[in-house]
Amino acid sequence: MDLSEINFAVLVASLIVASTPLVLAALGELIVEKSGVLNLGVEGMMIIGAVTGFIVGVETGSAYIGMMAAAMAGALLSLLFAFIILIMQANQVASGLALTIFGLGIAALMGHPYTGIKSPQISTISIPFISEIPVLGTMFFQHDLIVYLSLISVLVIWYFLNRMRAGLILRSVGEDHDVAHSLGYRVVTIRFLAITFGGAMAGVGGGYLSLVRVPQWTEGMTAGAGWIALALVVFSGWRPFRLLIGAYIFGGITILQLNLQAIGVNINIALLSMAPYLATILALVVISMSRFRGNRGAPGCLGRSFVKIT
Amino acid sequence: MNNKIENTLFQCRAINKEFGNVRANNDISINVRSSQIHALLGENGAGKSTLVKIIYGLLQPDSGSMTFLNEEYSPKSPKDARALGVGMVFQHFSLFEPLTAFENILVGLDKELGEKELHASVIMLSESYGLEVNLSSFIGDLSAGERQRVEIIRALIQKPKLLIMDEPTSVLTPFECESLFKTLKKLASEGTSILYISHKLKEIADLCDTASVLRKGAIVGEYDPKKMTPRELGEIMVGQSLFEPKRPVAANKSNKVLSVKINEVKPDTQFGVTLKNIDLAVYQSEILGIGGVAGNGQEELMQVLTGEKKDRNVSIKYMDNDIEMLNPRERREIGLAFAPEERLGHAAVGNLNLLENSLITDPKKRFQMKMGFIDFSELNEYTNEIIEKFNVKTTGVSALASSLSGGNLQKFVVGREIGQKPSLFIVNQPTWGVDALSAANIRQAIVDIANTGAAIILISQDLDEILEISNKVAFLTNGNLSIPTNTMDIKTDEIGAIMGGISD
């Protein structure tokens, strides 16, 4: 074993790539949960995004068009969820689980003819000058457009939630939908929009997996990424920047264990592959028992159906 | 020029609204003139809330029409109402607990306003109308009185032409009420009409120009409160004659039930109050009234007394036993009963029905048969008795606690606690949001158990209530309790002096 075989700069660069689908999907879910809705269908929406993005990308030859199709597919699937829970007022947990199962199934069906094909390339955009900086340049400034977009999204969503009126309204709907309703805000409409946004973000996350990260289609390729994204939202205490850090820690452990496997560390491979998930559980346990308890992150109406009282 | 039409700001004609089989509003017509304070009087369930919700656009009437500023007025949502110049302060606070006071004001606005600009106008409002609020504190950490100030500011900031106030003074002290009245009179003189809902007949006489009385969903008539006594008005409202409870006969000094000594107890939250130097005792058949402005330690004192908060710096002796380390359940088992201020979520569980809510505070296990089975017939009887005796308006014992109006749930909670026949009953704000007749009933029931030997600690921000039925009074100021004095010996201006320390 030789640890010096691992290039630190490349490691960081690839952990960012590995984490990007998580960042995107989790940011979407963050907005959904801030509106008071718990959508457990992230995994389903991601894989629908992955397969649709891949198919459209291959057929059109453009990864960008594929990525857009992925967003639309995720949003479309989330509309189904929105309809079930907002209009029919079904239980959110059950509906979300059903969405995941449905998504996984239909994605496998759609993607079958495309197994083993290579996807169109997405180009790396090196930011002039600063990408030349040794080490740091390789780490942060030689990525594709989506990575930059994901970082900008963190900033934009933080600004939206904490500095904008629309964000405040979204949060109030999530905190107490009865009060928001009595003030005249349209709870259902606002939640519809939030859920659709969450679906689109999960879709892009999935598309990034199949078009950039892997890049090819295999059945069930999201491999729990949607669930990790859900956990990250809790881990972050519903805060965008902590969410980004959480995603990078998780991505980092994933990449590190792959590298350790590659250089042949004397640890059972099963244990190494388990590491990222174990770390997630551990982080959640630590957070829920420590000083974070009772923090103001969790929206008051999370997971509760809104029934108009007359 | 027709003077009457010229003066009318708001008018509704023949408003009808039905819920299922219940006619909440039956052919209601009222006429609010500009620059007037117009009272809407009625018992719980008389249809006042339904009517103002229709005016504020939260409900649509089944039939009838409204005009505002001489134009057809039919708001589809509160947003429409606010845009046209109708504002409202709710009875059940419509505030978001996890947000700050400032954010709550911001979210109630319909137009984007610069943060600095808003800050300035909020501070201006709170200064000119005496509505003191710490803008950066979270609503969850504020007392009821402080929350209400936030709501009033939120409504005033939109400069409404018609302001609806749903029982605004129910949690305010006399001083706060006076400054609120000044605010309202100032607003009225500046051209804003106020539709003022209240059960407190005295303040309606002080404040209002006109009073429309509602009974069972219909208008009884329009009266001039300045030309009537509060009692007359109250009797029109309830449709029968009113009584005034009398304080229990002199206490038996030899039987001390509870004594409490507190050196210092620090609050759990950043905005809580530190309790200091509290020394009180309450005897058999005695009501000890504890007054004071909201947020001066009432909540904290209540928690210490119930055992929700245990602290080493507290010594509580109950009939010669030290009970400071007992939890609420254990205290209930030895004969204490509590009714905290917050009805939903603290005194009662919203998602449980009334039967279950009776069952959960059953320290003596009256409703429990062998092997843990519930004695439903006994429980039914007990719950029905409360409903009947305290005139709780509900669909029955299987109604969810959350489906009851605030006043009705309050009656239920007090009834449930009194029904346990406690030796010591500690109650915080027993008649908040409860109408005149029911309030008198609740006070009478408290007096009744005192007369049968129970000791009572009555924490209330309603000074009249305290002076009416307490044997002794003390006041909370910044977490300090004044020395309990005989109610008979105390003079109104002395109360002012004791509570005066609060404002600085």
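Two strands count as paired here if DSSP finds at least two bridges between them. With that in mind, let us walk through this predicted model, starting with the sheets of chain B.

**The four-stranded sheet of chain B**

In β2(B), B:N25 is the bridge partner of B:K17. That bridge belongs to the pairing of strand β1 (residues 8-19) of chain B with β2(B), which is antiparallel and has eight bridges. The wider setting is an open sheet of four strands, ordered β2-β1-β4-β5 (chain B), with antiparallel pairing. β2 (22-33) and β5 (71-72) of chain B each have a single partner strand and stand at the edges, so one side of each has no neighbour in the sheet.

The table below gathers the strand pairs for which bridges can be listed, including one from the second sheet of chain B.

| Strand pair | Sense | Bridges |
|---|---|---|
| β1(B) and β2(B) | antiparallel | eight bridges |
| β1(B) and β4(B) | antiparallel | five bridges |
| β4(B) and β5(B) | antiparallel | two bridges |
| β6(B) and β7(B) | parallel | four bridges |

Individual residues help to place these pairs in the structure. Between β1(B) and strand β4 (residues 63-68) of chain B, B:R13 stands opposite B:S65 in β4(B). Further along, B:F68 stands opposite B:E71 in β5(B). The hairpin of β4(B) and β5(B) has two residues between the strands, and there B:L69 takes a positive phi near 55°.

**The six-stranded sheet of chain B**

The second sheet to look at is also open, with six strands in the order β6-β7-β8-β3-β9-β10 (chain B) and mixed pairing. Here β6 (86-89) and β10 (218-223) of chain B are the edge strands, each with a single partner strand, so one side of each is left without a neighbour in the sheet. On average, neighbouring strands of this sheet are turned by 20° against each other, direction ignored.

How is the edge strand β6(B) joined to strand β7 (residues 162-166) of chain B? The two pair in the parallel sense, over four bridges. Within this pair, B:M88 stands opposite B:I164 in β7(B), and B:V89 has B:M165 in β7(B) as its bridge partner. The side chains of β6(B) alternate: B:V86 and B:M88 point one way, B:G87 and B:V89 point the other way, and all are buried.

Two helices lie across strands of this sheet. Helix α2 (residues 48-55) of chain B crosses β3 (37-41), β6, β7, β8 (193-197) and β9 (210-215) of chain B, and runs at about 150° to β7(B). Helix α9 (residues 230-238) of chain B lies across β3, β9 and β10 of chain B, at about 30° to β9(B).

**Domains of chain B**

The domain assignment divides chain B into domain 1 (3-238), domain 2 (243-335 + 422-504) and domain 3 (345-421). The centres of domain 2 and domain 3 of chain B, taken over C-alpha atoms, are separated by 24 Å. Their contact takes 16 residues from domain 2 of chain B and 13 residues from domain 3 of chain B.

On the domain 2 side of this contact, α11 (328-333), β17 (424-428) and α15 (436-451) of chain B each supply at least two residues. The largest share, five residues, comes from α15(B). By class, this side of domain 2 of chain B has nine nonpolar, three polar and four charged residues.

Helix α15(B) also packs with helix α14 (residues 406-418) of chain B, at an angle of about 10° and with the axes 11 Å apart. That makes the two helices, α14(B) and α15(B), roughly parallel. B:G407, B:K411, B:V414 and B:I418 in α14(B) meet B:S438, B:I442, B:A445 and B:I449 in α15(B). The contact of α14(B) with α15(B) has five nonpolar, two polar and one charged residues.

**Where chain B touches chain A**

The contact between the chains takes 17 residues from chain B and 13 residues from chain A. On the side of chain B, α3 (78-84) and α4 (101-107) are the elements that give two or more residues. The largest share, three residues, comes from α4(B). The residues on this side of chain B divide into eleven nonpolar, three polar and three charged.

**A residue in chain A**

Is A:F235, in helix α10 (residues 225-235) of chain A, buried or exposed? A residue counts as buried if 20 or more other C-beta atoms lie within 10 Å of its own. A:F235 has 25 other C-beta atoms within 10 Å, so A:F235 is buried. A:F235 and A:R191 are 44 residues apart in sequence, and their C-alpha atoms are 22 Å apart in space.

Key: Residues are numbered from 1 along each chain as its sequence is written. Chains are lettered from A and ligands numbered from 1 in the order in which they are written. This is a predicted model: local features need pLDDT of at least 70, side-chain atom pairs count only at pLDDT 80 or more; totals for chains, interfaces and linings use all residues. Two residues are in contact if their C-beta atoms, placed from the backbone, lie within 7 Å. Ala, Val, Leu, Ile, Met, Phe, Trp, Tyr, Cys and Pro count as nonpolar, Asp, Glu, Lys and Arg as charged, and the others, Gly among them, as polar. Domain bounds come from an automatic or database domain assignment. Axes are lines fitted to C-alpha atoms, for helices over the stretch in contact, and angles run from 0 to 180 degrees between N-to-C directions. Angles under 35 degrees count as roughly parallel, over 145 as roughly antiparallel, 65 to 115 as roughly perpendicular and the rest as oblique. A residue is buried if 20 or more other C-beta atoms lie within 10 Å of its own, exposed if 12 or fewer, and partly exposed in between; C-beta atoms are placed from the backbone.
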